[in-house]
Amino acid sequence: MTEFIAADMQAVNNVIRARLHSEVPLVNQVAEYIIGAGGKRIRPALVLMIANAHGYRGQAHHELAAVIEFIHTATLLHDDVVDESSLRRGKQTANALFGNAASVLVGDFLYSRAFQMMVSVGNARVMQILADATNVIAEGEVLQLLNMHNPEVNEAAYLQVIRSKTARLFEAAAEVGALISGASDADIAAAGEYGGSLGTAFQLIDDVLDYSGNAAEIGKNVGDDLREGKPTLPLIYVMENGTQQQRDLVRSCIENGDEQHFDEILGAITGSGALDYTRAQAEAAAQRAARALDNLPAGSYKTAMLELAAFAVERNH
């Protein structure tokens with residue numbers, strides 16, 4: 001899927017390395033650790049693929065792809081502190097290795113560096129899209145915090161968190177890729193729909209993998225969502241459609257962050273059809289993403305983006 005943007009991705013990596021530099025050694029150390037920990041780099045790839053699909057010629061898409069990755073990385077640093085996570089992408093989290101204070105402050109550094117970079121692009125609408133997205137992501141983080149250990153969260157409320165916390169940055173990445181290419185407002189909106197729906201599909205499959213994946217493959221501890229008391233869609237489905245015994249079990253585990261009953265919870269999730277339902281919702285989101293590309297001219301980049309939508313649902317990591 002990314003073979004067409006391999007040279008662009010290398011250019012983005014070069015920008016990331018150059019822009020990570022700080023006169024403070026700990027900033028360099030923590031930022032290098034989290035950026036170097038890997039990841040799919042799908043958000044910056046969105047900027048590149050959509051810009052190229054719209055015929056962009058220039059270098060700003062490299063800078064903006066790096067901006068997107070910095071914003072995403074900052075959210076990861078803050079997320080792991082809030083969630084008290086110890087494993088991400090198969091490695092110790094930065095907070096587990098360097099401490100919570102360092103992780104939060106380096107996350108702040110990455111946010112502020114991202115804003116310095118987006119200003120350098122010199123496009124007010126790009127800045128508005130990314131500033132608005134960053135604000136919505138922060139709201140999503142707070143919404144998720146309010147939902148922790150709350151078994152009353154319904155599907156609509158949970159999807160609002162996904163749209164804010166995860167899908168919004170996918171959407172912004174796609175929009176700025178189209179915007180800098182001189183695309184029409186309709187094409188920018190279509191790109192945003194593609195990105196937002198793709199992000200939703202990715203998050204819903206993450207929810208599935210938290211109860212059906214392999215820790216070595218997904219790069220985090222299976223059952224983390226349960227331990228953190230997060231009412232994700234599989235649990236919400238059981239609460240709304242399971243037996244009374246299943247609902248009581250899920251309610252107790254959400255309220256108490258009880259991972260000791262993981263096997264019983266997994267039985268309730270699989271027995272109620274919750275994983276199948278969540279996967280079906282992810283497939284519907286991926287189909288919306290694919291439909292958003294209908295007016296994009298055929299070509300290698302469109303094909304890659306359609307493949308990316310399919311991968312969002314089919315992946316096991």
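Let me start with Y277, which at 24% relative accessibility counts as partly exposed, where buried means under 20% relative accessible area, exposed over 50% and partly exposed in between, with a 1.4 Å probe and protein chains only. I should say at once that this is a predicted model, in which local features need pLDDT of at least 70 and side-chain atom pairs count only at pLDDT 80 or more, while totals for chains, interfaces and linings use all residues. Residues are numbered from 1 along each chain as its sequence is written, and side-chain values use heavy atoms, with hydrogens and water left out.

The partner of Y277 in what follows is Y237, which counts as buried at 18% relative accessibility. The ring centres of Y237 and Y277 are 4.7 Å apart and their planes stand at 25 degrees, so the pair is stacked; the convention here is that rings of Phe, Tyr and Trp, the last by its six-membered ring, pair if their centres lie within 6.5 Å, with planes under 30 degrees apart called stacked, over 60 edge-to-face and the rest tilted. Y237 sits in helix α12 (residues 233-241) and Y277 in helix α15 (residues 274-291), so that this pair links distant parts of the chain, 40 residues apart. Helices, by the way, are DSSP runs of H or I with at least four residues, and strands are runs of E with at least two, numbered from the N terminus.

By the ring rule the count comes to six aromatic pairs. One of them joins Y33 and F98, and it is edge-to-face, with 5.7 Å from centre to centre and 75 degrees between the planes. Because Y33 lies in helix α2 (residues 25-35) and F98 in helix α5 (residues 94-98), the pair ties together parts that are 65 residues apart in sequence. Of these two, Y33 is buried at a relative accessible area of 17%, whereas F98 is partly exposed at 23%. Elsewhere, F170, F202 and F311 form one aromatic cluster.

Turning to the chain as a whole, the protein has 16 helices and two strands. Its radius of gyration is 19 Å, close to the 20 Å that the globule rule gives for 317 residues, so the protein is as compact as a globular protein of that length; the radius is taken over C-alpha atoms, and the rule is 2.2 Å times the number of residues to the power 0.38. Along the principal axes, the C-alpha atoms fill a box of roughly 60 × 50 × 30 Å. Of the 317 residues, 54% count as buried. If we take contacts (heavy atoms within 4.5 Å), then among those with a separation of 6 or more, 76% come from residues 24 or more positions apart.

As for charge, there are 24 positive and 40 negative side chains, and the centres of the two sets lie 5 Å apart. Lys and Arg are counted as positive and Asp and Glu as negative, without His or the chain ends, and each charge is placed at NZ of Lys, CZ of Arg, CG of Asp or CD of Glu.

Now to some individual residues, beginning with N147, which is found in helix α7 (residues 124-147) and counts as buried at 14% relative accessibility. Leaving aside residues up to four places away in sequence, N147 touches V153, A157, V161, G229 and P231. In the loop between α7 and α8 (155-179) we meet H149, which has a positive phi of about 60 degrees although it is not a glycine, and which is partly exposed at 36% relative accessible area.

E193, in helix α9 (residues 185-212), is partly exposed at 38% and touches R288 and A292, again not counting residues up to four places away in sequence.

Finally, which residues lie in the loop between α13 (244-256) and α14 (262-272)? One of them is Q260, exposed at 75% relative accessibility, with its C-alpha 9.7 Å from that of G223, although the two are 37 residues apart in sequence. H261 is found in the loop between α13 and α14 too, and H261 is partly exposed at 30%. Beyond residues up to four places away in sequence, H261 touches L249 and C253, while the C-alpha atoms of H261 and L226, 35 residues apart along the chain, are separated by 9.5 Å.
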